[in-house]
Amino acid sequence: MGRMSWEIARGEKDYPRALEDLGESAPKVLYGVGDRECLNMPCISIIGARKATPYGQEVAEMAARVAVECDLVVVSGGAMGCDHAASRSAIDSGGRTIIVSGAGADVVYPDTSRDIFHDAVRKGGAVISISPWKSHPQRFTFVRRNAIIAAMSRSLFVTEAGLKSGTMSTAEVANQLGRNIYAIPGSIFSPNSQGTNSLIATGASIIASEMDLQTQISLDYDTLRMVVENHYEGNSAVISALIASPMRADELSERLGQALLTTMTTLSEYETQGLVVHLLDGRYSVTQAAYEKYFRRARQRQGLDDPYAIPLGAPSLGRPQTHREEAQAPVTQGDILSGTVPTNTAEQVDPSYAWAAPMGPQVWQPSETSDVGDAPGAGGQRAATPDYAGEAGAPDGSGQSWSLPEREACPGPVANGERGDFAGDHSMMSANDEQNAGA
């Protein structure tokens with residue numbers, strides 16, 4: 001299996017057959033890094049809001065895990081939020097993911113997704129793009145990228161979406177192509193659920209539980225999931241209520257039928273434990289740690305031995321904790337009020353996952369004389385020009401060093417590096433432009 005950079009022209013052997021459905025809009029050339037064989041495997045595209053809520057992120061992780069257990073390749077846009085959660089979960093579950101980049105396939109964008117860009121290739125997936133090598137992200141490229149995401153898979157799973165968003169434009173293309181659309185229902189008061197609720201109202205398949213997704217995939221892909229789900233109910237009325245919707249202490253007390261003093265005491269205790277956060281507007285909301293503790297206790301209480309026996313919205317507690325989960329930052333008051341939940345910050349990326357060094361512009365360019373000790377992350381040292389290395393040195397884990405032919409069109413992925421700082425380049429998009437374009 002080839003794991004270097006490649007280009008596939010339309011009509012060639014490994015060109016994704018699903019993209020032919022785009023007709024004249026199908027890209028003439030596809031640029032990629034990784035295993036090109038996965039491009040024609042059964043896929044499911046999982047997308048959602050970049051400014052994801054904890055609910056949206058957990059749904060994306062659950063969907064990717066179920067997809068992998070059904071032997072599907074997970075396709076995402078590689079953006080922060082739900083896209084990152086889906087690809088990360090697919091990799092951690094032992095599956096493959098295809099990242100459709102809005103920049104060149106050799107450019108990591110956004111920088112916070114460096115870990116999934118690296119691991120997608122290392123674990124048998126791919127990073128692909130319709131833009132030439134070294135291309136910066138432009139506003140129009142995200143619109144074209146969204147169409148590729150919609151076309152690549154037989155089904156599109158939407159975790160969270162605002163009414164006017166790139167996620168909804170992707171769903172529109174998927175509908176025009178006759179793809180299956182799955183949507184998760186959410187609170188009618190949540191802006192991030194207005195898009196998914198609208199999709200359900202107009203005919204999308206409603207996924208109200210993990211079992212619903214498993215059943216829908218079985219019907220649409222004629223495949224069976226390798227793990228059977230068990231069900232349980234939680235054990236904390238307070239946490240359960242706050243997971244549904246943030247609220248003030250008096251509202252929570254009224255909902256639960258408890259004395260206000262009892263509710264306040266419980267909230268104070270949970271706040272001390274880092275399970276809830278007191279917002280500036282007086283409401284209380286759960287943190288990521290609350291999800292983990294809530295569902296772990298429920299599973300232990302019912303004696304569930306199946307490590308995958310978790311319902312919709314629960315984190316993947318059955319597998320070993322990953323570097324990203326260990327460094328999970330708590331949700332702060334300002335983050336929730338602003339609608340920005342820190343799920344994929346730079347602090348959460350293990351330094352060993354390095355397409356390029358986090359400090360300063362560097363390009364992945366394997367050399368003929370490189371070895372494991374020179375690779376980024378080896379022995380805590382970084383070479384001036386880092387070499388790409390897998391767990392044992394080479395991307396295939398063989399421990400052997402390798403190099404690419406010297407070809408301008410085949411550089412390796414980079415961070416916001418040699419091409420210049422995106423924020424300072426006038427040819428780049430602003431964050432606002434990117435959001436409007438559906439990045």
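This report walks through a predicted model of one protein, from its overall make-up to a few local details.

## Overall picture

Let's begin with the whole chain. The protein has 439 residues, and buried residues make up 55% of them. Its secondary structure comes to 14 helices and eleven strands. About 18400 Å² of the protein is exposed, with carbon and sulfur atoms supplying 50% of that area.

Contacts across the sequence are well represented too: of the contacts with a separation of 6 or more, 70% join residues 24 or more positions apart.

## How far to trust the model

The average pLDDT of the protein is 74, and 63% of the residues score at least 70. Over residues 305-333 the pLDDT is below 50, though this stretch has 91 contacts in the model beyond near neighbours in sequence. Residues 340-434 also stay under 50, and here the model has 203 contacts beyond four places in sequence. A friendly caution applies: where pLDDT is low, the predicted coordinates should not be read in detail.

## The nine-stranded sheet

Nine strands form an open sheet with mixed pairing, in the order 1-2-6-5-4-3-7-8-9. Strand 1 (5-9) and strand 9 (205-206) stand at the edges; each has a single partner strand, so one side of each is left without a neighbour in the sheet.

If you would like to look at one pairing up close, try strand 4 (residues 73-76) and strand 5 (residues 97-100), which pair in the parallel sense over three bridges. Ser76 has Ile99 of strand 5 as its bridge partner.

## Helix 3, an enclosed helix

Strand 5 also leads us to helix 3, which lies across strand 2 (29-34), strand 5 and strand 6 (126-129). Relative to strand 5, helix 3 runs at about 130°.

Why is helix 3 described as largely enclosed by the rest of the structure? Nine of the nine residues in helix 3 (residues 114-122) are buried, so the rest of the structure largely encloses it. Among the buried residues of helix 3 are the charged-looking names Arg114, Asp115, Asp119 and Arg122, alongside Ile116, Phe117 and Val121. After helix 3 comes Gly124, which has a positive phi, near 95°.

## Ala201, an exposed position

For contrast, turn to Ala201 in helix 6 (residues 191-201). Ala201 counts as exposed because its relative accessibility is 68%, above the cut-off of 50%. Ala201 and Pro185 are 16 residues apart in sequence, with their C-alpha atoms 10.0 Å apart in space.

How values were computed:
Residues numbered from 1 in each chain as written. Predicted model: local features only at pLDDT ≥ 70, side-chain atom pairs only at ≥ 80, totals over all residues. Heavy atoms only, no water. Helix = DSSP H or I, 4+ residues; strand = E, 2+ residues; numbered from the N terminus. Buried < 20%, exposed > 50% of the residue type's maximum accessible area, 1.4 Å probe, protein only. pLDDT = per-residue confidence, 0-100. Contact = heavy atoms within 4.5 Å. Pairing = 2+ DSSP bridges. Axes fitted to C-alpha atoms, helices over the stretch in contact; angles between N-to-C directions. Areas by Shrake-Rupley, 256 points an atom, 1.4 Å probe, with all protein chains shown as cover.
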